[in-house]
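Grab a coffee and open the viewer. Here are a few exercises to work through, each with a solution.

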Amino acid sequence: MFVIEDELHAEWQGEFRTRQEAIAELQRRALIPWNEEPNAAPCTDWVTCGRKYELVEFDDSVLPWRQLSRALILEISAAGVRWFAE
């Protein structure tokens, strides 16, 4: 199981069965302006804030889920879009 998490705001942004599906969603979000949903930050200082999307892999065959990996993949803010190497 792969989860997109906004690390800055501790918000899960979706669950995906494959890494490819999660990356496709991040590519879609990278095309959306920083101040529009789902990229608009939920905080009161959203104009100077942004989103830091991490891709988290879980083993969902056990309860509670066990985290296998976590990587910062994408930042979106007023400064622009920044991709990180996986």
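**Exercise 1. Helix length**

What span should the 12 residues of helix α1 have at 1.5 Å a residue, and how far apart are its end C-alpha atoms?

Solution. Keep in mind that this is a predicted model. Helix α1 takes in residues 19-30. The expected span is 1.5 Å times one less than the number of residues. For the 12 residues of α1 that comes to 16 Å, and the end C-alpha atoms are 16 Å apart, so expectation and model agree.

**Exercise 2. The buried side of the helix**

Work out which residues of α1 are buried, how they sit around the axis, and what they pack against.

Solution. Start with the list: Ala 22, Ile 23, Glu 25, Leu 26, Arg 29 and Ala 30 are buried in α1. These residues cover an arc of only 155° around the axis, which puts them on the same side of α1. The general rule helps here. An α-helix has 3.6 residues a turn, so residues three or four places apart point the same way. Now for the partners: the buried residues of α1 pack against β1 (2-6), β2 (11-16), β3 (50-59), β4 (66-77) and β5 (80-83).

**Exercise 3. Two cysteines**

Decide how many disulfides the structure holds.

Solution. The count is 0. Look at Cys 43: the nearest cysteine sulfur belongs to Cys 49 and is 3.5 Å away. A disulfide needs the two sulfur atoms within 2.5 Å, so a 3.5 Å gap does not qualify. Seen from Cys 49, the nearest cysteine sulfur is that of Cys 43, and Cys 49 is in no disulfide either. As for exposure, Cys 43 counts as partly exposed, with 24% relative accessibility.

**Exercise 4. Aromatic rings**

Classify the ring pairs of Trp 65 with Trp 12 and with Phe 58, and place the residues.

Solution. The structure holds 4 aromatic pairs. For Trp 12 and Trp 65, the ring centres are 6.1 Å apart and the planes are at 20°; planes under 30 degrees apart count as stacked, so this pair is stacked. Trp 12 is in strand β2 and Trp 65 in the loop between β3 and β4, so the pair ties together parts 53 residues apart in sequence.

Next, Phe 58 and Trp 65: with centres 5.6 Å apart and planes at 50°, this pair is tilted.

Then check accessibility. Trp 12 is partly exposed at 44%, Trp 65 is partly exposed at 28%, and Phe 58 is buried at 11%. Put the pairs together and you get a cluster of Trp 12, Phe 58 and Trp 65.

Methods
Residues numbered from 1 in each chain as written. Predicted model: local features only at pLDDT ≥ 70, side-chain atom pairs only at ≥ 80, totals over all residues. Heavy atoms only, no water. Buried < 20%, exposed > 50% of the residue type's maximum accessible area, 1.4 Å probe, protein only. Helix = DSSP H or I, 4+ residues; strand = E, 2+ residues; numbered from the N terminus. Arc of directions from axis to C-beta. Contact = heavy atoms within 4.5 Å. Phe/Tyr/Trp six-rings, centres within 6.5 Å; stacked < 30°, edge-to-face > 60°.
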